[in-house]
Amino acid sequence: MDLSVIIPVKKNDETIVACLKAVCASTLTNFEVVIILDGWESLDYFQAWEKDVRVRIIPFPKSGPAVCRNYGVKISNGTWISFVDSDVLIEGNTLAVALHSLSENGEDGLIGSYDNTPSAPSFVSKFRNILHHHHHQRNHHKAGVFWGAFSIIRKKAFEDVGGFDENFDLPSIEDVELGIRLANRGYVIRIDADIQVKHLKNWTFYNWMRTDIFLRAKPWAVLMYRHGNQAGNHLNTDSLEKTSALFTLLTLGLLLCGFNWTWLWALVPVTILIFILTQLSFYRLASRKFSFLPSVLVLHHIYFIFALTGFFLGVFSFKKDI
């Protein structure tokens, strides 16, 4: 068996139907699909695949994606492991192209990228998914990373570092943390931003705020304390992103202080202009994808405000524990 595709599925996640159809339509022939049902009570969604010998449906106690992925790997048969999120659609040739790339370069794994045409229609969803796409495209070929939405890794490498940290009981940055351990052990995992998958997630403002503050930025701050530059120069925490966060903070400070000293508001266009210049590649992409860029600019600042909020909460919680 060349490849095992591991898909953890949270309870009653209907996107798994489209995800599984896309995986089973792969042009690759020698692979299996291991579906780990995280706390499901009914298997009715999966009747259509009962006769597909490639697909195994495994009911599992509610445990979170890290535990489910680790269990999926444990019972898998492949030399290579592909992690696919249940709200992701791959192309027919995605698995074959990824395996061919790995056989050519001899590395231990790769991660892909979201495409720039997300399916969810809401403005928040479109912004959040395209921003994620931009981060991966800008870091094409960057090593020392991992990503649970779509990735392929040698099973031996995954098992050697102990798999995902099961202390992450919710979808969080368990993939980022795993990537750091893999890099520390000398394994090479790179971003191949040419391998793109479609994200089906429908973001609301609330779940965006909750995810970015409490499930990403806050635990990421703790990782930065523990691992230094390896976590602090990582995709959306590199020096460019830190500069943008600084100018977001300056803009917010000027707006608030301007209620007492109105002349400070005259500086706001300057900080916003510098912010845009630091993110110029994103705004070139956004100009092709959004009809009203000022709204994108507002959401982009909110994105950094969430990140900063989570970072400071993480710093506080870390210092509190030491």
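Helices and strands here are DSSP runs, numbered from the N terminus, with at least four residues for a helix and at least two for a strand. Keep that in mind as we walk through this predicted model, starting with its largest pocket.

Which helix gives the largest share of the lining of that pocket? It's α7, which puts in 5 residues. Helix α7 covers residues 205-227, and it has company: β1 (3-10), α2 (65-74), α4 (123-138) and α6 (174-184) also supply at least two lining residues each. In total, 37 residues line the pocket, and its volume comes to about 1,000 Å³. If you want to find the middle of it on screen, look for Lys10, Asp85, Asp87, Pro171 and Lys201, the lining residues that lie nearest the centre. By class, the lining splits into 15 charged, 11 polar and 11 nonpolar residues. As for how such a space gets spotted at all, rolling a probe the size of a water molecule over the atoms shows where empty space is left.

Now for the charged pairs. Side chains of opposite charge can pair when their charged atoms come close. How many salt bridges does the structure hold? There are 12, and a few of them are worth a visit.

Begin with Glu107 and Arg190, whose closest N and O atoms sit 2.6 Å apart in a salt bridge. This one links distant parts of the chain, as the partners are 83 residues apart: Glu107 is in the loop between α3 (94-105) and β6 (109-114), while Arg190 belongs to strand β8 (residues 189-199). Is Glu107 buried or exposed? With a relative accessibility of 15%, Glu107 counts as buried, because the cut-off for buried is under 20%. Arg190, on the other hand, has a relative accessible area of 31% and is partly exposed.

Step along to Asp108, which meets Arg154 in another salt bridge, at 3.2 Å from N to O. Asp108 is in the loop between α3 and β6 and Arg154 is in strand β7 (residues 150-154), so this pair ties together parts 46 residues apart in sequence. Asp108 is buried, at 14% relative accessibility, whereas Arg154 is partly exposed, at 29%.

A further pair is Asp160 with Arg185, where the closest N and O atoms are 3.2 Å apart. Since Asp160 lies in helix α5 (residues 155-160) and Arg185 in the loop between α6 and β8, the bridge ties together parts that are 25 residues apart in sequence. Here both partners count as partly exposed, Asp160 with 34% relative accessible area and Arg185 with 48%. Salt bridges can also share partners, and that joins Arg69, Asp85 and Glu174 into one network. You've met Asp85 already, as one of the residues nearest the centre of the largest pocket. Glu174 lies in helix α6 and is buried, with just 3% relative accessibility. Between the C-alpha atoms of Glu174 and Val161, which are 13 residues apart along the chain, the separation is 13 Å.

Over to the greasy side of things. Leu252, Leu255, Leu256, Phe259 and Trp265 make up a nonpolar patch on the surface, and together they have about 510 Å² of accessible area. Take Leu256, found in helix α9 (residues 239-257). Why does Leu256 count as exposed? Its relative accessibility is 54%, and exposed means over 50%. Another leucine to look at is Leu293, in helix α12 (residues 293-321). Leu293 is partly exposed, at 31% relative accessible area. Leu293 and Tyr283 are 10 residues apart in sequence, with 8.2 Å between their C-alpha atoms.

Last stop: the backbone. Which residue has a positive phi of about 60° although it is not a glycine? That's Asn12, in the loop between β1 and α1 (16-24). Asn12 is partly exposed, with a relative accessible area of 45%. His141 also has a positive phi, near 75°, and is likewise a residue other than glycine. You'll find His141 in the loop between α4 and β7, where it is partly exposed at 49% relative accessible area.

Key
Residues are numbered from 1 along each chain as its sequence is written. This is a predicted model: local features need pLDDT of at least 70, side-chain atom pairs count only at pLDDT 80 or more; totals for chains, interfaces and linings use all residues. Side-chain values use heavy atoms; hydrogens and water are left out. On a 1 Å grid over the protein atoms alone, a cavity is a set of points where a 1.4 Å probe fits but cannot get out, and a pocket is an open set with protein on both sides within 12 Å along at least five of seven lines; lining residues have an atom within 4 Å of a point. Grid points are joined across faces, edges and corners, and a volume is the space filled by probe spheres set on the points. Ala, Val, Leu, Ile, Met, Phe, Trp, Tyr, Cys and Pro count as nonpolar, Asp, Glu, Lys and Arg as charged, and the others, Gly among them, as polar. Patches are made of residues with over 30% relative accessible area and no salt bridge: like charges are joined within 9 Å, nonpolar side chains (Val, Leu, Ile, Met, Phe, Trp, Tyr) within 5 Å. Accessible areas come from the Shrake-Rupley method with a 1.4 Å probe; for residues, only the protein chains shown count as cover. A salt bridge is a side-chain nitrogen of Lys or Arg within 4 Å of a carboxyl oxygen of Asp or Glu. Buried means under 20% relative accessible area, exposed over 50%, partly exposed in between (1.4 Å probe, protein chains only).
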